[in-house]
Amino acid sequence: MMLAKLAWKNIWRNKKRSLIIILSALFGIWGGIFSNGIFIGLWETTVEATINREFAHIQIHNPEFPDEKLINQFISNYDEVEKILQNNSLIKSFSKRTVIEGMASSPTSVAGVKIIAIEPDKEKTITSIHQKLIEGIYFSNRDYEILIGKKLADRLKLKLNSKVVLSFQGLDNNLVASAFRVVGIFKTESKIFDETNVFIKQNDLSSILDEGAPIHEFAIRVNSVELIDTATNILKSQLRDLKVESWKELVPELSLTSEFLYLELNIFMGIILFALLFGISNTMMMSVFERIREFGVLMAIGMKRIRLFILIILESIFLLFSGGLTGTLLGYFSIEILSKKGINLSIFEEGLSAYGLSAILYPTLPFHMYVSLFLMMMLTAIVASLSPAMKAIRLKPAEAIRTYI
Amino acid sequence: MSLIKIVNLNKVYDANKISVHALKDINLEIGKGEFTAIIGPSGSGKTTLLNMIGGLDSPTSGKVFINDIDISRLKPDELINFRLQNIGFVFQSFNLIPVLTAKENVEFIMLLQGVSKEEREKRTIELLNAVGLVDKINARPYELSGGQQQRVAVARAIASRPSFVLADEPTANLDSVAAEGLLDIMEELNQKLGMTYIFATHDNKVVKKVRRVITLEDGKIKSDILQN
């Protein structure tokens, strides 16, 4: 306590010099935290959008389906799967899907699409397509309705109530074609998704196919993201003949990038702190040189070297943390405020949507990033003070007392 | 029994391949309660001798006993602790900690000793009262005159209840009035508390006050005189 009090008073001896370091730490850490918040927010928004738009938390397929995507690679025992999912308390909701590669034709053009036949009410609890409609409605009670993306609508020159013909290979390998009326046009964060996916009702598909609509996919949402891995493992053990994958396995590039992102951002903060380290070390060294006589006196009157060592380390910690903690708080509050209001990047919407990124960015920084930042700051402060502290404790009291600067 | 006993003390400095024999065969005993000055011209070895007695420097040969303990055999950290418990220092340039108040400067050494808060407060007030600075307890060193700073330094030196106080040129940076005032306080503390003082000085005012004068010349004791 005595050393802490003295260390705190000591850093204010040369106010201007200390303030330069404190402000450097403040702006460096604030900027670092805020930019990390933006990067992570951007990435998490992307991941969240991908999950909400398409993948949900977990998917179940016939083991061959993910590679070949053939109509006859369906889940034959889907009613058993349904029962298992209904009895799993970790699962919030699930939806069955039929997924067929086919063609969409309008009077003016044709495009390759993924036809996703869904149970509209259940799908609402899994993905957010119903919230992405910019025109029309999310299905009605009428037959043969289709939702298409804005990009596809533009390409096929389709509007609401336009007719579009979907054609695909049936279970008997014959070509099947049917006309659908556009009742809704959606626009998600991803142009590619909007151009290549259409949604129809599973009941309509069943009436087109003699055998009924085959089930290719279960899309599942669990009660919280922390339960995804647990739920996936349980389902894997229960459904050994099917392929159960979490979103991390379904889109490994997203998951891998997330892991690398945290590493990269920690390195980024490390570089900021490394630059600060030299400033602090230099300040502490100057401070020690100015106080050689005083250190001599302190050792003469009975201050042990270890206490002197700790005193200098504490000064360095206080110096960095005065600015660093203020910068951390400013960073935290900046992120907190903007995580609710969002940052509107709509002027870059065109470019962002090409990469599936949202135009509204919600910065965020997980708690573990603050913890690692705190530890890195502590390490920086200690390393910065080691050389000055060693210099101080190597002084000989008799010589130090006679030093005049 | 002597408080301080110096036996065949020699100190040789090697600077730039030139040996300087700063102290030569010093033998000396100083008893408890003495009020002693070590005088001599510049370079005679006064400060070196004081540093040897204070354990701030180590002898080339010979021994320094304090309360029968050979301090030249103590390890560095033991020596620091020994100084903390046994020796008070007053320096020429006051050397107070500038960021601490007069009260905190006096308290600091007791904090190092681990003295309780109540005892520290009591002793600090008593000592600042004794040196006539009780009204300046919250003043920082820069708010005090040179004489006042040196009086705080004296209070600090005896706050740890040392066996003796070493004062190296304590009046050198003071005007004559402040120097007289300081010496009166030290003399009073010597008489009232029996505190032992050893001065290294050029100052005749100090020499007139002390009861024993040891004169050094070229690293040797030239004379050792008791005076009334």
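**Strand pairing, helix packing and chain contact in the predicted model**

In chain A, strands β2(A) and β3(A) form a hairpin, with four residues between the two strands. The model described here is a predicted one. Strand β2 of chain A covers residues 91–105, and its pairing with β3(A) is antiparallel, over nine bridges. Within this pairing, A:V99 has A:I116 of β3(A) as its bridge partner.

Strand β3 of chain A, residues 110–118, is also joined to β8(A), here by five bridges and in the parallel sense. Two positions illustrate the register of β3(A) and β8(A). A:K114 lies opposite A:N197 of β8(A), and A:A117 lies opposite A:I200 of β8(A). A further partner of β8(A) is strand β5 of chain A (residues 145–149), with which β8(A) pairs in the antiparallel sense over three bridges. In that pairing A:I148 is matched with A:V198 of β8(A). Strands of a sheet pair through backbone hydrogen bonds, and the pairing may be parallel or antiparallel.

Strand β8 of chain A spans residues 197–201, and five of its five residues are buried, so the strand is largely enclosed by the rest of the structure. In a regular strand the side chains alternate between the two faces of the sheet. In β8(A), A:N197, A:F199 and A:K201 point one way, whereas A:V198 and A:I200 point the other way, and all are buried. Of these residues, A:N197 is the one opposite A:K114, while A:V198 is the bridge partner of A:I148.

At the level of domains, chain A is divided into domain 1, made of residues 2–51 + 254–401, and domain 2, made of residues 63–241. The centres of domain 1 and domain 2 of chain A, taken over C-alpha atoms, are 49 Å apart.

Helix α11 of chain A comprises 39 residues (252–290); at 1.5 Å a residue it should span 57 Å, and the distance of 57 Å between its end C-alpha atoms agrees with this. An α-helix has 3.6 residues a turn, so residues three or four places apart point the same way. The buried residues of α11(A) are A:L265, A:M269, A:I272, A:L273, A:L276, A:I280, A:T283, A:M284, A:S287 and A:V288. These buried residues of α11(A) pack against three helices of chain A, namely α2 (15–55), α13 (305–341) and α15 (367–393).

Chain B contains an open sheet of six strands in the order β6-β7-β8-β3-β9-β10, and its pairing is mixed. The edges are occupied by β6 (87–90) and β10 (220–226) of chain B; each has a single partner strand, so one side of each is left without a neighbour in the sheet. On average, neighbouring strands of this sheet are turned by 20° against each other, direction ignored. Edge strand β6(B) runs parallel to strand β7 of chain B (residues 164–168), to which four bridges join it. B:G88 has B:V165 of β7(B) as its bridge partner. Helix α5 of chain B (residues 146–159) packs on the sheet and touches β6 and β7 of chain B, its direction making about 170° with that of β6(B).

The loop between α4 (117–130) and α5 of chain B contains B:G132. This residue has 15 C-beta neighbours inside 10 Å and therefore counts as partly exposed. B:G132 and B:V152 are 20 residues apart along the chain, and their C-alpha atoms are separated by 9.3 Å.

A second open sheet in chain B consists of four strands in the order β2-β1-β4-β5, with antiparallel pairing. Its edge strands are β2 (18–30) and β5 (69–70) of chain B, each pairing on one side only. The antiparallel pair of strand β4 of chain B (residues 61–66) and β5(B) is joined by two bridges. Here B:F65 stands opposite B:D70 of β5(B).

The contact between the chains involves 16 residues from chain B and 16 residues from chain A. On the side of chain B that touches chain A, α2 (76–86) and α3 (102–113) of chain B each supply at least two residues. The most is given by α2(B), with five residues. By class, this side of chain B has ten nonpolar, three polar and three charged residues.

Definitions and conventions:
Residues numbered from 1 in each chain as written. Chains lettered and ligands numbered in written order. Predicted model: local features only at pLDDT ≥ 70, side-chain atom pairs only at ≥ 80, totals over all residues. Expected span 1.5 Å × (residues − 1). Buried ≥ 20, exposed ≤ 12 C-beta atoms within 10 Å, placed from the backbone. Contact = placed C-beta atoms within 7 Å. Nonpolar A, V, L, I, M, F, W, Y, C, P; charged D, E, K, R; others polar. Domains from an automatic or database assignment. Pairing = 2+ DSSP bridges. Axes fitted to C-alpha atoms, helices over the stretch in contact; angles between N-to-C directions.
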